[in-house]
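Reader: I would like a close look at a single part of this protein, namely the loop residues with an unusual backbone angle, set against the chain as a whole. Could you take me through it with care?

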Amino acid sequence: MLLAHWDGEEQRAQSLKDHSENVARMMEENCFSLGLTSTGRLIGLLHDAGKANPVFQQYMLENQTEKKGKINHSAAGAQILRKLFFGKEFWTMPKKQQQFRTLLFQLCSIAILGHHRGLMDIYDPNGNSPFEWMLNAEENQSVHDSFFNELNCKEEINQLIEKAQNEIIQLNTRINILVKGHSFEINDDKPKEAKLEEGMFTYGLIERFLFSSLIDSDRLDTACFLDKKNIPVAENRIEIWAELQERLNKELLGLEKLNPSQASSTLNQIRKRVSKSCLNAGNWPSGIYRLQSITGSGKTLASLRLALQHACNFPETKHIIYVIPFLSILLQNSQTIKETLHLEEHSDWILEHYSDFENELINASTNDNLQKQEELQEYELRTERWDSPIIITSLVHFMDTFFSARKKDVRRLHQLSNSVIIFDEIQSIPDNCIGMFNSALNMFEHLADVKVVLCSATPPLLEKIKHPLQWSQYKDIDTNYSKDMKKIHRVFVTDKTDVQNCFSVEKIAELAYEKQQERSNALTIMNTVSGATRVFECLKKKFEQIPEMNRPLLILLTTNLCPDHKKRRIQQMINALKENIPVLCVSTSLIEAGVDISFDVVLRACSGLDSLIQAAGRCNRHDHKKLGELIVFYSYEIDFMHESITKNTTISQLTRKLICSHYVLDKFKKAPEDFENNILSNKALEMYYSRYYKIIQDQVDYPVTSQGFTLYDLNSFCSCWQTEISKAKKSGTNWMMHQAFETAGRYFKVIEDYSIGVLVPYEKGRELIEELNSGNIKFQPDNLRKLKCQAQNYSVNLNESYIRKHKQNFSYFEAADLYCLKEGCYDEEKGVTDFEAQSWII
């Protein structure tokens with residue numbers, strides 16, 4: 001018997017035949033949604049063929065740890081396929097059939113070759129092929145023969161190849177329908193190139209899906225053998241969905257009676273209608289839909305209602321996935337969902353995959369608490385597999401699932417099929433990720449039976465770029481947004497924008513204080529940390545002349561505060577507002593999305609029109625006070641931004657938004673009737689986005705300017721390297737797929753990292769710094785990981801150049817690779833005391 005795994009301690013073995021069959025069976029199940037069951041089974045049977053090598057068998061039996069990772073057992077399966085695919089009959093086939101056969105071979109062999117090392121580049125920047133290099137590793141016919149003798153599967157594999165080829169032909173037809181669905185409104189001069197590019201990009205996603213399925217199946221079967229467990233059977237979740245829907249319905253009935261937010265009757269009517277619209281949309285088939293509703297209209301529970309209705313109607317639904325861009329909204333929505341569905345007794349029904357939840361587990365665990373350590377290990381496995389019914393995660397984790405180079409990220413990709421995926425605050429997707437985001441959603445909706453819901457009060461026009469999002473025929477779940485804006489009318493806008501008269505810091509502070517005195521509370525939102533900090537300091541100076549008992553609560557919110565500090569400040573304001581204590585807050589845009597807080601007046605330094613609308617959502621949020629006011633002005637920050645536009649991507653993006661907002665504001669001033677006399681109307685927003693997307697067309701495919709390529713191209717056809725590829729080609733095979741998976745994954749980051757996380761002396765952060773300074777901590781992998789996870793809640797991102805320039809303010813612990821800010825450099829009000837450290841981080 002040939003071995004796949006060997007437990008030397010207990011002298012237990014798993015045969016290569018059993019392991020290959022188990023993985024093949026799971027691959028069949030995972031690939032069903034794509035119509036690639038035979039392709040999946042073929043990959044599963046062959047992935048570990050190289051373990052038939054006597055050298056590998058000896059390594060396992062004798063526990064030769066020095067050889068771990070040094071014996072290539074991944075190439076054999078791909079080499080077997082090469083012989084079977086490219087025999088003499090291949091060269092007599094019609095060209096089209098040759099292409100499909102080549103494509104199928106690549107899809108199978110890339111997954112097999114990479115299932116331990118990760119996805120490799122098919123071609124690299126020099127035109128060389130790491131794929132071919134791995135494929136051409138030392139070949140041993142006796143290993144192939146031993147594998148076939150052990151599994152007795154040669155006839156089955158030949159049959160699977162023929163079936164898999166038919167699957168790829170059918171898949172290609174579906175992909176052609178997908179890319180032909182484009183309707184170009186911008187850059188329509190090159191539609192054929194864009195469609196070819198998206199077609200190959202889609203094949204790259206198919207490859208990632210197969211790879212994800214393989215590494216998950218392989219690891220799961222291995223873990224089950226080592227833990228003496230049976231392979232978990234895929235459950236039918238219809239009973240879970242029905243139970244959760246019943247719980248939600250009971251809660252919604254209770255909320256209707258209680259009205260805890262004391263919202264106006266008009267707003268409550270809107271909430272009920274949005275909720276009912278979502279219930280109806282739960283009966284719709286898979287597709288890409290939009291939920292545009294005013295702020296405070298209950299999108300979280302309404303979208304949950306939609307998802308559960310869909311899951312009950314379509315029993316094959318595996319997951320409901322919430323994707324949220326900001327930690328504050330993640331925490332808020334996650335708590336709402338757990339409390340509403342009463343999940344305290346069914347923690348396995350929900351997975352919270354974001355840093356704060358992991359921190360909670362780590363804080364609760366100690367080296368002496370074995371149970372908590374096991375819980376943490378179980379949680380880590382769940383974050384890799386995403387196999388829970390409800391998943392709440394960040395936009396970063398979601399995008400990493402598609403495009404990261406890390407296997408632990410890609411492992412969960414196949415779980416997205418047969419799911420409902422809800423995106424909150426979708427306008428927050430970074431400009432450079434839009435093209436890849438659109439194509440990924442198009443592929444999963446069209447090929448993997450996914451229902452996508454994009455939620456926002458200011459939804460971007462994602463169909464207005466070269467690789468457009470393909471909405472369903474009836475995309476809008478609720479069509480009353482414009483009517484609601486007129487009906488509710490919670491805010492009136494005072495436009496004080498004048499490019500010749502930018503507000504000074506003194507003028508902003510004076511107006512903010514005046515409005516707070518007039519209306520009890522006020523919020524001022526600036527575009528930069530430096531802008532917000534200067535206004536705050538000006539107000540503090542002004543308060544020195546005011547008796548302490550007459551001063552409002554003054555709060556500064558910027559990214560110079562660590563996450564725990566920000567959460568406490570926000571909660572402090574919420575409590576004060578509930579008790580009618582006067583509040584004056586100065587913030588950056590971090591307060592705009594998802595923070596359930598309401599002021600009487602909001603002053604907003606002009607930014608993108610979407611930001612102005614989101615800022616208005618922090619004003620008279622529940623429509624239970626007299627009309628709120630949004631004051632828009634140009635601030636002195638503009639001069640600084642102009643000077644920094646070529647140095648900072650964030651400022652470049654902000655400047656583009658300002659230009660587009662200025663254009664719409666100017667049009668509105670000349671003809672307000674064209675915008676329903678409301679600068680926050682949908683007509684104004686559509687004009688803003690249309691102009692904005694015209695400006696950023698060269699940014700949406702993730703350009704890596706320093707290298708002269710885009711990540712969209714690297715994940716598609718690598719046209720940027722075609723000259724080098726043609727020169728360096730050594731194989732006679734005309735490969736259909738050219739993707740540089742590894743290189744693209746290495747460059748991919750959802751949030752561009754211009755900064756370094758620095759641990760600050762605030763609350764628990766101070767204790768962690770003292771622990772590092774004491775020298776008592778043992779710098780072991782588990783201890784370091786625990787410490788660095790805890791540090792996330794007490795860290796601030798600072799520019800690397802600033803840290804070098806002011807190195808006297810920092811300590812560096814090499815063993816932990818962690819910078820710490822020294823005492824005296826972090827303030828209870830402002831956080832990092834030198835705001836120039838982050839002047840241009842919004």
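Author: What follows begins with two loop residues and then turns to the chain around them. The model is a predicted one, in which local features need pLDDT of at least 70 and side-chain atom pairs count only at pLDDT 80 or more, while totals for chains, interfaces and linings use all residues. Residues are numbered from 1 along each chain as its sequence is written, and side-chain values use heavy atoms, with hydrogens and water left out.

Asn580 is not a glycine, yet it has a positive phi of about 60 degrees. Asn580 sits in the loop that runs between helix 22 (563–578) and strand 12 (583–587), where helices (H or I, at least four residues) and strands (E, at least two) are DSSP runs numbered from the N terminus. With a relative accessible area of 62%, Asn580 is exposed; buried means under 20%, exposed over 50% and partly exposed in between, with a 1.4 Å probe and protein chains only.

Glu763, also not a glycine, has a positive phi of about 50 degrees, and it lies in the loop between strand 17 (755–759) and helix 30 (764–774). Glu763 is partly exposed, its relative accessible area being 36%.

As for the surroundings, the protein chain contains 32 helices and 22 strands, and buried residues make up 59% of its 842 residues. The C-alpha atoms of the chain fill a box of roughly 90 × 65 × 60 Å, taken along the principal axes.
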